[in-house]
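Here is a short round of questions and answers on how certain labels are earned. Have the sequence and the model ready.

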Amino acid sequence: PIALESSTRLLILVFTPTVLNALIWSQAARFSARRLLNQGLPPKIHADDLGLSDATNSAILQLASERKLDGASLLVNGISSKEGASAWEGLEHENPHLELCLHLCLTEGPSIAAKKAVADIINEQGNLKLSFGQWLLLSLIPSILPFKKRIRRQLKEEIKAQIAQYKKLTGKQEIHLDGHQHIHLVPLVLDCILDVANDAKITWIRSTREPFPAGLPLKYWWQAWHNAGHLKWIVLQIL
């Protein structure tokens, strides 16, 4: 009984602050949402990964045609990027409010740059091989080292190639940029993006500076905790 009482007290001490914080954040999020709506600024609904596959294209294009989306981001190294970009252009003529941005991808799929120009960041099949964590670790390596300089050159080549491909597929000259798996927030990647920003006409880059998700049913809080979603949120806020 004594052990049981101790366990109960421990559970209360651990979970009570968590529950209270969740309720507080939930109320704050509802207040912010109401304030934005009152200001005439409702949130915009956006879909990533246009071009990833025919099925992904179909889903995104259907939602956009039904005016359930305000925008999408194009994955230019996706297997269906050409079809996705062409179909989206058709939708834009009917719905001028729709917005499209470049979904910069550096962690999977084929490279857009010439293979010889990016040899250290692709595998034998020509696919981009470095994960978000590996790019983050590369950011910590001193810039004076030859290996870091070589990686930086290759990274910049791939970024410029994806920008050029986006312009070719869409006909757009100004670039709004978002990163697949938030890769654009990695310091090394962001530095390279900013280096080419003026020449590439990058006028907008996504930020993830946002409040902790709130207003969610408790089961989603558990799922987020179980999948280390809170750790991901913390890392993104730091970056």
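Q: What does "buried" mean here?
A: Buried means under 20% relative accessible area. Over 50% is exposed, and partly exposed lies in between. The model is a predicted one.

Q: What makes strand 3 mostly covered?
A: Strand 3 spans residues 99–104, and five of its six residues are buried.

Q: Why is H103 called buried?
A: H103 has 1% relative accessibility. The cut-off for buried is under 20%. Therefore H103 counts as buried. H103 lies in strand 3.

Q: Which residues does H103 touch, leaving out those up to four places away in sequence?
A: H103 touches D48, D49, S73, L74, L75, Q162, D178, G179 and H180. Contact means heavy atoms within 4.5 Å.

Q: How far apart are H103 and H176 in sequence and in space?
A: They are 73 residues apart in sequence. From C-alpha to C-alpha, the distance is 8.9 Å.

Q: How do you know that strand 2 and strand 3 pair?
A: Two strands pair if there are at least two bridges between them. Strand 2 (residues 71–74) and strand 3 have four bridges, in the parallel sense. So the pairing test is met. Within this pair, A72 stands opposite L100.

Q: What makes strand 3 and strand 4 a pair?
A: Three bridges join strand 3 to strand 4 (residues 175–179). At least two are needed, so the strands pair. They run parallel. H103 has D178 in strand 4 as its bridge partner.

Q: Which unit do strand 2, helix 3 and strand 3 make?
A: They make a right-handed β-α-β unit, with helix 3 covering residues 81–94.

Q: What makes the contact of R150 and D120 a salt bridge?
A: The limit is 4 Å between a side-chain nitrogen of Lys or Arg and a carboxyl oxygen of Asp or Glu. The N to O distance for R150 and D120 is 2.7 Å, so the pair qualifies. This pair links distant parts of the chain, 30 residues apart. R150 is in helix 5 (residues 146–170), while D120 is in the loop between strand 3 and helix 4.

Q: Why are R150 and D120 both called partly exposed?
A: The range runs between the 20% and 50% cut-offs. R150 has a relative accessible area of 32%, so R150 is partly exposed. D120 is at 26%, so D120 is partly exposed too.

Q: How do you know that K68 and E66 meet in a salt bridge?
A: Their side chains are 3.2 Å apart, N to O. The limit is 4 Å, so the salt bridge counts. At 38% relative accessibility, E66 is partly exposed.

Q: Why are E157 and K160 separated by about one helical turn?
A: Because they are three residues apart in helix 5. They also form a salt bridge, with the closest N and O atoms 3.6 Å apart. E157 is partly exposed at 35%, and K160 is partly exposed at 40%. Elsewhere, R152, K156 and D195 are joined into one network by salt bridges that share partners.

Q: How many salt bridges does the structure hold?
A: It holds eight.

Q: What makes I234 fit for a nonpolar patch?
A: Patch residues need over 30% relative accessible area. I234 has 39%, so I234 passes that cut-off and is partly exposed. I234 sits in helix 8 (residues 229–238). Together, L231, I234 and I238 have about 300 Å² of accessible area in this surface patch.

Definitions and conventions
Residues are numbered from 1 along each chain as its sequence is written. This is a predicted model: local features need pLDDT of at least 70, side-chain atom pairs count only at pLDDT 80 or more; totals for chains, interfaces and linings use all residues. Side-chain values use heavy atoms; hydrogens and water are left out. Buried means under 20% relative accessible area, exposed over 50%, partly exposed in between (1.4 Å probe, protein chains only). A crossover is right-handed if, with the strands pointing away from the viewer, the path from the first strand over the helix to the second runs clockwise. Patches are made of residues with over 30% relative accessible area and no salt bridge: like charges are joined within 9 Å, nonpolar side chains (Val, Leu, Ile, Met, Phe, Trp, Tyr) within 5 Å. Accessible areas come from the Shrake-Rupley method with a 1.4 Å probe; for residues, only the protein chains shown count as cover.
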